[in-house]
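Here are some short exercises to work through with the model open beside you. Try each task before you read its solution.

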Amino acid sequence: MDRSCIFLAIFILLHDNTLLATLPSISTDEAALLALKSHISSHSNNILARNWSSSIPVCSWIGITCSSHHHQVTAIDISSMQLYGTIPPHLVNLSFISSLDISNNTFHGDLPVELTHLQRLKFINAKNNNITGAIPSFLSLLPNLHFLYLSNNQFSGKIPTSLSNLTKLEVLQLQSNFLEGEIPREISDLRYLTILDLEFNQLTGSIPPSIFDITTIQVIALMDNNLTGKLPKTICDHIPDLEGLYLGRNSLDGIIPPKLEKCRKLQILELGDNEFAGTVPRELANLTALTELYLGLLHLEGEIPMELDNLKKFQALGLSQNELTGSIPDSIFNMSALQIIDFGENKLSGPIPKSLGNLEYLEVLNLWGNNFVSDSTLSILASLTNCRNLRVLTLSGNPLDGVLPPSVGNFSNSLQSFEADGCKLKGVIPKEVSNLTGVTRMSLSNNELTGHIPNTVHGMSILQELYLFNNKIEGARHDVICNLKSLGTLVLSENHFSGSVPSCLGNVTSLRKLYLDNNKLYSRLPSSLGNLQDLIEFNVSFNLFSGEIPLESGNLKAATHIDLSNNYFSGKIPSTLGGLDN
């Protein structure tokens, strides 16, 4: 071999060794990960402190995935480990990494600009942390990024228009930050986007109409911002795969576009708490995949379309706080999958259909604040007892004008809340209420109920809130209340109660609010009330109490509101008694 060939071979060998020396290796990855570990000051159960060690192969570390071919780190998943720290720039040396998941921790500070060198990154999940600063515009330099999750952090400023350069992006989730300004129209350049989630920010301006031209989009979530303007009439002409449209709690106006019916795959439509006016479009009945419809807190009028019975998959129907009139169409109750009905605060009238009782999956029924009527025996309650999954029943603010029937005790143990305030209820509270063993809240205030609190009420052993104010309930024995050991709020104001406050009430130590005002109670306040260490509000005004205020009442350290006025107390007010109204 001549000397020139020898020199060439030596040059190639040396050159190759130089290249090998500069190529990334598992030791380079190990150094980068140990740098990350050193920037974490708090570990849950010291998982990383014990496991991320030079004595253990890197590819065996918790949360680390390596490729079988290059034997280098391709993924980090240290989510939900209760980690506290910052993200160091050393991650730039993980040149083979394609997935980074640090979600559900307490990382803070900024995302390092060095991440732009990780050109293989397809997946970044940093949601549910305390990362600050602006959404980094340098993220647009990651050409292979498909998924970007930055929600529930402290990001501020505007959404960078440069994100439109992420031409492969499928998911953009920036919800629950402090982002402001307008939604960049350039986002519509993301032709593979399936999920756009910008909820719970401070975004302003109108929704760029071009957003509704992203043919791959499946979810548009823009709730809880300050968006204005109207929805395009052609909203669903180019987005056939849309499954969820969340635009509630903004300031959008105009009418609800009838052409929403073209989004045939739409499952959830949330437009509530905006300025939309007009009627509920009958065309929505053509959305046969729809499971949830929320149109509450708008300015809708007219009747509930009977055509909605075409929606056989319907699970939730929310039309509260509008100006809807007429009766509830019987056809509504052909939607056998319904779980939630919220018609509260409208101008609906007529009898409450007994066919409601056919909805076996019904969990929440809110008819509050309408003009519904019933027969004198409130037979609608007997029908509703067939809804064995009913958890919340709210009938308040309707002129039902009847007597609570014994059948009220036939509700299943699933019932947790029963409210019938201001319903012109008469007669006594039936003793069968003791069967409502699952109820935690019962409110029957502002009615014309008479008689006593039934002795059987102790059967409601997990009752936490009891509101009976402004009725005509009487009686001198109140110790039946003492058996409600979970009671936190007791409001018996404006009734005809007489006698003394039972000393056993001091044993209901869960009480936080106690209102006994505007009755005919007399004698002394029991010293045992001083046991109510968690009591915040206490009102016994406008009664006939006399004698000295017990010194033990000074133990009510948590109280912020105490009203003892308009009684016949004598002596000194305990110096330690706080929260006393003048």
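**Exercise 1.** Find what share of contacts in the chain between residues at least 6 apart in sequence joins residues at least 24 apart.

*Solution.* Start with the ground rules: this is a predicted model, where local features need pLDDT of at least 70, side-chain atom pairs count only at pLDDT 80 or more, and totals for chains, interfaces and linings use all residues. Residues are numbered from 1 along each chain as its sequence is written, and side-chain values use heavy atoms, with hydrogens and water left out. Next, take a contact as heavy atoms within 4.5 Å. The share is then 52%.

**Exercise 2.** Set the radius of gyration of the chain against that of a compact globule of 582 residues.

*Solution.* First apply the globule rule, 2.2 Å times the number of residues to the power 0.38, with the radius taken over C-alpha atoms. That puts the globule near 25 Å, but the chain has 33 Å. Then look at the principal axes: the C-alpha trace spans about 120 × 60 × 40 Å.

**Exercise 3.** Trace the open sheet of five strands and name its edges.

*Solution.* Strands are DSSP runs of E, at least two residues, numbered from the N terminus; two of them pair if DSSP finds at least two bridges between them. The order is β10-β12-β14-β16-β18, with parallel pairing. At the edges lie β10 (156-157) and β18 (251-253), each pairing on one side only. Now zoom in on β16 (residues 226-230), which three bridges join to β18. Thr228 has Ser251 in β18 as its bridge partner.

Note on methods
Helices (H or I, at least four residues) and strands (E, at least two) are DSSP runs, numbered from the N terminus.
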